Amino acid sequence: EHKLESEFRASGATLARGMIVQRTGGILLVVGMLACRLAPAAAFRSPLGLVSLARSSSVGGPQARCAARAASAGRRCGIFSATLHMSASAPATSSSTTEGASDDTPAVRKRILSGVQPTGNLHLGNYLGAIRQWVANQDLYENYFCVVDLHAITAPHVPAELTKSSFDIAALYLASGIDPKKSKVFIQSHVSAHAELCWLLNCVTPMGWMEKMIQYKEKAVKQGESVSIGLFDYPILMAADILLYQAQLVPVGEDQRQHLELARDIARRFNDQYCKKKSMPAKGRRVFREPEALIVKEGARVMSLLDGKSKMSKSDPSDGSRINLLDPPDLIRKKIGRCKTDSFDGIEWNNPERPECTNLLNIYKAVTDKSEEEILAEVGSMRWGEFKPLLAEAVVTHLEPIQKKYDELMADQSVLKRVLLDGADAAEAVAGQTNLLAKKAMGFTTREDLAQ
């Protein structure tokens, strides 16, 4: 230990104190002391002493207890993984374990960052396609779930509705099963690094890249002359959201794939401009990781009740196209009773001529957890007049505990507010560090610099 410490001090790097020694198979493994000269924060000699370690906290391991010792100047420092991962799928095998560790070493947890806009109500597609997967995988990852309210104002909005919707989305996260002891839930605008890094990246991104964004062109047609610069610029805010958390994989649908490619391009351009040479403030160490896409599987998508070829969406002008998580039981029954079907006999899966039939069966499967074989044996010979009431009751039963929990959280918002405050603190510890590294790389001074 003394020899290692001498070497680190000689290199001029900040040393993370508090060695943790773990005995595995009779061999002492040093897992708490890492070469901080590999960490970008140490390379910048941050006045806050924020040290980014090349290993994340492990499930049940002693490394998690080391995080508090790495904080300085009142700021909490997250212990980051060298292979951060934003995904709702099963974890990939990681090779970033400590060298020489045995198979008994706890698995490194990956990080998830996902968000939903507070525009309109969350619907069944949001829940079955994403949130329920987040809930199921909470023990596998280090989770950050946010309400992306900054994205919500890129279109005309009503201020009072934005306030209510932000709380609604957060409450529905918790009501759906997100556990604040396992996951951090926060509102995007409560972490100022998102907006600040967006501006820094604005000054790095060529205008030509933004002019190629397809979604802006499509949405601008709908908004007409009222279209804002924010709508044009929101892919850069999305890039800031992703890059702040050093994501390796990002779960996106095909309609968001272009935005993720933009985030990769921006990260590469920033690293090339400000991090390549050792003579630069970044000392030749990159600030941003280039994220990879994890495309959401088609099977996880819930389609519109009025068009089996279009996905269920909050932006659809017809409320009858979707089942909102807060819809009362009678309204759910009414919507399913009026949903589009066909004139074929029987009920079957995966007939390309019957997209609505497949969609309704997928919903039934999702809310009952039955297999396709069990469902076909149960409903395969039914007519729509028999199946629709059965489906409606299954959806009502599935959503009942979520709605009950939501009502409890909104009746007494003290718990919800505490969860959001704690979540914002935890997110700031991670995002704030990345933002600091970006500013240092670009040559900005900090208030701490002036105090030295």
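Trainee: Let's start with Leu260. Which residues does Leu260 touch, not counting residues up to four places away in sequence?

Mentor: The idea is to skip sequence neighbours and look at what the fold brings together. In this predicted model, Leu260 touches Ile242, Val250, Val252, Pro291, Glu292 and Ala293. Leu260 itself belongs to helix α10.

Trainee: And is Leu260 buried or exposed?

Mentor: Check the relative accessibility against the cut-off: buried means under 20%. Leu260 comes out at 1%, so Leu260 counts as buried. You can also look at C-alpha distances: Leu260 and Met238 are 22 residues apart in sequence, yet 8.3 Å apart in space.

Trainee: Now a polar residue. Where is Thr205, and what does its side chain reach?

Mentor: Thr205 lies in the loop between α6 (193–202) and α7 (207–210). Its relative accessible area is 11%, so Thr205 is buried. For a polar side chain like that, look for a partner: the side chain of Thr205 reaches the backbone oxygen of Leu201 at 2.7 Å. Beyond its neighbours within four places in sequence, Thr205 is in contact with Met210, Ile236, Leu262 and Ile266.

Trainee: Leu201 is in α6, I guess. Which residues of α6 are buried?

Mentor: They are Ala193, His194, Leu197, Cys198, Leu200 and Leu201. For a helix, ask how those residues are spread around the axis. Here they cover an arc of only 165 degrees, so they sit on the same side of α6. As for what they pack against, the partners are α4 (149–152), β5 (183–187), α9 (229–244), α10 and α15 (414–442).

Trainee: What about the nonpolar cores? How many residues has the largest one?

Mentor: The general idea first: in soluble globular proteins, nonpolar side chains tend to be buried together. In this structure the largest nonpolar core has 55 residues, and Leu124, Tyr173, Phe387 and Val395 have the most contacts inside it. Helix α14 gives the most to this core, with 11 residues. A second, separate core has 47 residues, including Phe186, Leu231, Ala263 and Ala431.

Trainee: Tyr173 is on that list. Which residues is Tyr173 in contact with, leaving aside its neighbours within four places in sequence?

Mentor: Tyr173 is in contact with Gly115, Val116, Ile131, Trp134, Phe145, Cys146, Val147, Ile178 and Val185. Two of those names come back when you look at rings: Trp134, Phe145 and Tyr173 form one aromatic cluster.

Trainee: How many aromatic pairs are there?

Mentor: The count comes to eight. To classify a pair, use the angle between the ring planes; over 60 degrees is edge-to-face. Take Phe270 and Phe288: their ring centres are 4.9 Å apart and their planes are at 65 degrees, so the pair is edge-to-face. This pair links distant parts of the chain, with Phe270 in helix α10 (residues 257–274) and Phe288 in the loop between α10 and β7 (292–295), 18 residues apart. Phe270 counts as buried at 0% relative accessibility, and Phe288 counts as buried at 1%.

Trainee: What does the angle say for Tyr364 and Phe387?

Mentor: Their planes are at 75 degrees, so this pair is edge-to-face, with the ring centres 5.6 Å apart. Tyr364 is in helix α12 (residues 355–368) and Phe387 in helix α14 (residues 384–411), 23 residues apart. Both Tyr364 and Phe387 are buried.

Trainee: Last one: which ring does the charged end of Arg269 sit over?

Mentor: That would be the ring of Trp209, with the charged end of Arg269 5.6 Å from the ring centre.

Key: Residues are numbered from 1 along each chain as its sequence is written. This is a predicted model: local features need pLDDT of at least 70, side-chain atom pairs count only at pLDDT 80 or more; totals for chains, interfaces and linings use all residues. Side-chain values use heavy atoms; hydrogens and water are left out. Rings of Phe, Tyr and Trp (its six-membered ring) pair if their centres lie within 6.5 Å; planes under 30 degrees apart count as stacked, over 60 as edge-to-face and the rest as tilted. Helices (H or I, at least four residues) and strands (E, at least two) are DSSP runs, numbered from the N terminus. Buried means under 20% relative accessible area, exposed over 50%, partly exposed in between (1.4 Å probe, protein chains only). A charge sits over a ring if NZ of Lys or CZ of Arg is within 6 Å of the ring centre and within 35 degrees of the ring normal. A polar contact is a pair of N or O atoms within 3.5 Å; within protein, one must be able to donate a hydrogen and the other to accept it, and residues adjacent in sequence count only if both atoms are side-chain atoms. Contact means heavy atoms within 4.5 Å. A nonpolar core is a set of buried Ala, Val, Leu, Ile, Met, Phe, Trp, Tyr and Cys residues joined through side-chain atoms within 4.5 Å. The arc is that of the directions from the helix axis to the C-beta atoms.
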